[in-house]
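Me: I'm new to this protein and would like a close look at a single part of it. Could you pick one residue, show me where it sits, and then walk me outward from there?

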Amino acid sequence: MNPFFIKYPFLLKKLYPNRITKIKTEKTIYLTFDDGPIPEITPWVLDTLKQYNAKATFFCIGDNIRKHPDVFQQIIEEKHRIGNHTFNHLNGWKTSEEKYIENTLLAEKEIEKFSPQKTKLFRPPFGKIKNSQASKLVKQNYTIVMWDIISGDFDSRIPKDKCLENVLKNASAGSTIVFHDSIKASESLKFALPKVLNYYAEKGFDFKAL
């Protein structure tokens, strides 16, 4: 049994309808990657996406952008979307509103050094954000992005074949799917991502950025 909800809970979708989870569309999958960019795995993700002419959205940690600007630049040059994932991967439930917003804006400064964005996307680390924090970010012109399906690649208790199953049994047209370009997720990610791309490509799906 998974220690988390594979599908984003219906009740939360109803409570927060303006947060992106699933998009009404036909034959499109929205792949997203959290926690990068890092040289150990992000370039592999980019190369794998390129094989399927797939575009994705990368929710980047500001400190990783600072440490690995060349990898971040590669994401931009290959025309993927960038999202904000705070500067230090903060848990919103355990962080004051002031510190959380400050940390997010610090990440925004790193992003804007390379990629000024008209539309700003934000995904809360761990999926944990207080309503007050979300409201402040919306006032800063951010759109809050959650997910429709989470693979579970970040969790060492979840076998890699189960991560693949979590996606293939639950994702459909318009699904926003979460993977992680992080070292701890790399084994499951390298197993699952090519198979997900191949499975949906054979069914005629496109892979687009948010």
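Reply: Happy to. A quick word on naming before we start: helices here are DSSP runs of type H or I with at least four residues, strands are E runs of at least two, and both are numbered from the N terminus. Also keep in mind that this is a predicted model.

Let's start with N131. You'll find N131 in helix 6, which covers residues 131-139. Is N131 buried, partly exposed or exposed? Its relative accessibility is 43%, so N131 counts as partly exposed. Who does it touch? Setting aside the neighbours within four places in sequence, N131 is in contact with Y16 and R19. For a sense of scale, try P39: N131 and P39 are 92 residues apart in sequence, and their C-alpha atoms are 34 Å apart in space.

Those two contacts lead us to a pocket. Y16, R19 and N131 are among the residues that line the second largest pocket, along with L15, P17, N18, A134, S135, V138, Y142, T143 and I144. That pocket has a volume of about 180 Å³. Helix 6 gives the largest share of its lining, four residues, and strand 5 (142-144) joins helix 6 in supplying at least two residues each. By type, the lining splits into seven nonpolar residues, four polar and one charged.

Now on to the largest pocket, with a volume of about 700 Å³. It is lined by 29 residues, and the closest to its centre are F126, G127, K128, W147 and I150. Sorted by type, the lining has 16 nonpolar residues, five polar and eight charged.

Let's leave the pockets and look at helix 4, residues 69-77. Which of its residues are buried? They are V71, F72, I75 and I76. Looking down the axis of helix 4, you'd see these buried residues fall within an arc of 145 degrees, so they line one face of the helix. The face turned away from that buried side carries D70 and E77, which are exposed. What covers the buried residues includes helix 2 (42-51), strand 2 (57-60), helix 3 (62-67), strand 3 (81-84) and helix 5 (97-114). After helix 4 comes K79, whose phi is positive, near 65 degrees.

Last stop: the rings. The structure holds eight aromatic pairs. Take F33 and F179: their ring centres are 6.0 Å apart and their planes sit at 20 degrees, so this pair is stacked. F33 belongs to strand 1 (residues 28-34) and F179 to strand 7 (residues 176-180), so the pair ties together parts that are 146 residues apart in sequence. Both partners are out of reach of the surface by the numbers: F33 is buried with a relative accessible area of 0%, and F179 counts as buried at 1%.

Another pair takes us back to helix 4. F72 and F114 are edge-to-face, with 5.4 Å from centre to centre and 75 degrees between the planes. F72 lies in helix 4 and F114 in helix 5, so this pair ties together parts 42 residues apart in sequence. Here the partners differ: F72 is buried, at 0%, whereas F114 counts as partly exposed, at 27%. And to finish, ring pairs link F33, F58 and F179 into a cluster.

Definitions and conventions. Residues are numbered from 1 along each chain as its sequence is written. This is a predicted model: local features need pLDDT of at least 70, side-chain atom pairs count only at pLDDT 80 or more; totals for chains, interfaces and linings use all residues. Side-chain values use heavy atoms; hydrogens and water are left out. Buried means under 20% relative accessible area, exposed over 50%, partly exposed in between (1.4 Å probe, protein chains only). Contact means heavy atoms within 4.5 Å. On a 1 Å grid over the protein atoms alone, a cavity is a set of points where a 1.4 Å probe fits but cannot get out, and a pocket is an open set with protein on both sides within 12 Å along at least five of seven lines; lining residues have an atom within 4 Å of a point. Grid points are joined across faces, edges and corners, and a volume is the space filled by probe spheres set on the points. Ala, Val, Leu, Ile, Met, Phe, Trp, Tyr, Cys and Pro count as nonpolar, Asp, Glu, Lys and Arg as charged, and the others, Gly among them, as polar. The arc is that of the directions from the helix axis to the C-beta atoms. Rings of Phe, Tyr and Trp (its six-membered ring) pair if their centres lie within 6.5 Å; planes under 30 degrees apart count as stacked, over 60 as edge-to-face and the rest as tilted.
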